[in-house]
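Here are my notes after going through the model, in the order I would raise them at your desk. Keep the structure open while you read.

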Amino acid sequence: MTDSLPVYEELQLRVRPGQRGGYRVEAVAPDGSRASGTFRLPVDETQLDNFVLQVGQPRRNVRKFRSPQMERAKEFGGRLFDALVAEEVRDLYRAARSGADARGYGLRVTLCLTEVPTLMSVPWEFLFERPSFLAQSIYTPLVRSLDLKYVRRPPPVALPLHILGMVSRPKGVTALDVDGEQRRLADALAPLSEAGLVRLEWLPRATLSELHEAVSRPGEIHVLHYIGHGAYDERTESGILLLEDDDGLRHEVTGEELGTLLQDEHSLRLVVLNSCEGARTSHVDPFSGVASSLVEVGIPAVISMQFEITDEAAVTFGGSLYKALVQGYPVDAALAQVRKAIFAARHDVEFGTPVLFLRATDAHLFDFQEATPLPEQVAPETAECDVTVDLVQSPAPTRSGEQITWQLTIANTGGCTLEEITARDESGDQLAPPVRLTPGTRHIVRWRETAEPDAHHLITVTARAPDGSTISEQTTASTSATIEETAESTHPAGERVPTADRR
């Protein structure tokens with residue numbers, strides 16, 4: 001894991017239907033500037049099918065490091081990037097990347113594909129700008145957004161993170177090594193489970209009634225992790241999951257039907273769809289339809305596997321993803337870490353297998369009540385205590401009257417556990433409830449306000465050490481905004497606006 005997460009700005013790339021079978025790309029940069037261009041898929045259906053077949057090998061064939069598939073992925077991803085980010089859009093993209101890099105920020109690249117569902121089957125995760133794939137970097141996470149305005153605010157979550165596992169093995173369907181899948185995921189999560197950070201529970205059978213009973217019980221479920229078959233329904237032109245009926249036979253369930261069952265579960269923030277085999281045999285991705293349906297009914301985020309994933313990569317995926325999430329990573333940054341972990345484990349091209357669908361551009365799924373260290377990061381208690389704080393504005397710079405987000409990062413950089421850590425502004429107002437941080441952990445507080453030129457912030461953070469003494473640290477920052485007032489400003493300059501991001 002990186003020492004600190006960057007503040008994220010967003011570059012939106014909205015694809016709309018164009019003329020003569022082509023498409024229009026409308027780009028919006030973090031500072032509000034816009035550009036547009038044209039787009040045509042650089043491959044035909046046959047070529048796309050061939051790429052899918054070459055990259056999405058059966059799981060029995062373990063992919064090797066520096067494989068021919070990796071070179072094919074770079075070639076395909078480079079052509080895809082050049083076609084999508086072209087003309088004025090390329091200039092806007094480069095300016096946004098340069099600006100984010102200069103400020104030490106990350107640039108989230110969000111693909112809005114709501115109006116062009118046929119492009120959902122394109123493996124965008126291989127977008128390649130030499131020398132690297134965008135999705136592999138924590139500074140350029142790639143997400144697919146359905147551009148739905150309403151999003152649930154993340155409720156406070158008390159660890160452990162509760163993961164409900166669902167393994168489907170219907171009769172009459174090609175047998176999967178589901179026992180092995182369960183064992184591998186449990187093994188990958190064992191260190192987190194033993195530390196009390198994750199609780200993994202398995203449904204006894206993969207039926208809708210068992211799922212309904214599980215989500216209806218008292219207590220929260222934060223993640224649903226499905227293992228089984230995906231398929232494509234030619235009649236309805238949509239993806240389906242293969243669950244079981246009461247007799248153990250095949251029960252085809254659409255994403256809309258599954259979403260109807262889950263739509264009222266506000267604690268459920270993430271669904272992971274992991275197909276062991278047979279997920280994709282052409283350019284049609286059955287899970288993309290299921291994923292988009294789940295997001296549409298209110299699930300904040302869905303991760304699906306657009307290709308078959310090898311056993312070894314599946315272990316790396318599960319362990320790395322949940323490890324990052326319990327550390328407070330936004331889901332797109334967590335998935336970027338997963339992609340690098342898969343690559344580092346010598347499963348090169350499989351980094352592009354997971355696909356992230358977001359309901360909105362806020363990738364923070366969980367508001368953990370306190371930051372929690374990983375087991376190996378817990379430092380022994382010593383007399384030395386220290387806390388560091390950092391305050392940054394996003395976007396920066398901006399125009400006066402526009403909405404900005406401040407992020408305050410509080411890190412326990414000493415060797416003792418700190419209690420009652422509190423952050424107050426220059427007026428003495430408390431920014432968030434007090435928290436407890438063990439060595440090596442951090443806590444993030446966010447708030448929104450209307451930008452005012454050169455507005456000054458002084459934040460004081462205090463904490464109680466084990467011996468009862470108080471330590472404190474201050475940080476200052478000034479709003480970076482131009483003098484020009486925007487006509488859309490509806491709040492007095494400097495007025496703080498509540499946001500779900502405060503944590």
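1. Start with Arg20, which counts as exposed because its relative accessibility is 81%. This is a predicted model, so treat the backbone remarks here as remarks about a prediction. Arg20 sits in the loop between strand E1 (8-17) and E2. Its phi is positive, about 55 degrees, although Arg20 is not a glycine.

2. Glu420 is another one for your backbone list. Its phi is near 50 degrees, again a positive value in a residue other than glycine. Here the setting is a strand, E22 (residues 418-424). With a relative accessible area of 48%, Glu420 is partly exposed; the cut-off for exposed is over 50%.

3. While you are checking torsions, look at the peptide bond from Arg130 to Pro131. That bond is cis, with omega near 20 degrees. Pro131 belongs to the loop between strand E5 (128-129) and E6.

4. Now the aromatics. Searching the whole structure turns up 9 aromatic pairs. One of them is Tyr23 with Phe39, a tilted pair at 6.0 Å centre to centre and 40 degrees between the planes. Tyr23 comes from strand E2 (residues 23-28) and Phe39 from strand E3 (residues 34-39), so to speak a link between distant parts of the chain, 16 residues apart. Both Tyr23 and Phe39 are buried.

5. A second pair is Phe133 with Phe351, also tilted, at 4.6 Å centre to centre with 55 degrees between the planes. Why does this pair tie together parts of the chain that are 218 residues apart in sequence? Because Phe133 lies in strand E6 (residues 132-133), whereas Phe351 lies in the loop between helix H9 (331-344) and strand E17 (354-358). Phe133 is buried, and Phe351 is too. Both rings belong to one aromatic cluster, together with Phe51, Phe76, Phe126 and Phe128.

6. Phe51 from that cluster brings us to helix H1 (residues 45-55), where the buried residues are Leu48, Phe51, Val52 and Val55. Viewed down the axis of H1, these fall within an arc of 100 degrees, so they line one face of the helix. Helix H2 (68-84) is included in what covers them. At the N-terminal end, Asp44 acts as the cap of H1, with a side-chain oxygen 3.2 Å from the backbone nitrogen of Thr46.

7. Is strand E11 (residues 223-228) enclosed or open? It is largely enclosed by the rest of the structure, because 6 of its 6 residues are buried. In a regular strand, side chains alternate between the two faces of the sheet. In E11 both faces are covered: Val223, His225 and Ile227 are buried on one side, and Leu224, Tyr226 and Gly228 are buried on the other. E11 runs parallel to strand E9 (residues 161-167), and 5 bridges join the two. To find the register, use Val167, whose bridge partner in E11 is Ile227.

8. Strand E19 (residues 387-394) is mostly covered, with 6 of its 8 residues buried. Its pairing with strand E21 (residues 403-412) is antiparallel and spans 8 bridges. Here a handy register marker is Leu391, which has Leu408 as its bridge partner in E21.

9. Leu107, in strand E4 (residues 106-112), is worth a click. Its relative accessibility is 1%, so Leu107 counts as buried. Beyond neighbours within four places in sequence, its contacts include Tyr8, Leu11, Pro30, Ala100, Tyr139 and Pro141. Arg97 is in contact with Leu107 as well; the two are 10 residues apart in sequence and 6.6 Å apart C-alpha to C-alpha. Tyr8 also has a charge over its ring: the charged end of Arg108 sits there, 5.0 Å from the ring centre.

10. Last one: which residue lies 8.0 Å from Asp187, C-alpha to C-alpha, but 128 residues away in sequence? That is Val315. Asp187 itself is found in helix H4 (residues 178-194). Its relative accessible area is 51%, so Asp187 is exposed.

How values were computed
Residues numbered from 1 in each chain as written. Predicted model: local features only at pLDDT ≥ 70, side-chain atom pairs only at ≥ 80, totals over all residues. Heavy atoms only, no water. Buried < 20%, exposed > 50% of the residue type's maximum accessible area, 1.4 Å probe, protein only. Helix = DSSP H or I, 4+ residues; strand = E, 2+ residues; numbered from the N terminus. Pairing = 2+ DSSP bridges. Arc of directions from axis to C-beta. Contact = heavy atoms within 4.5 Å. Polar contact = N/O pair within 3.5 Å; in protein donor to acceptor, adjacent residues only side chain to side chain. Phe/Tyr/Trp six-rings, centres within 6.5 Å; stacked < 30°, edge-to-face > 60°. Lys NZ or Arg CZ within 6 Å of the ring centre and 35° of its normal.
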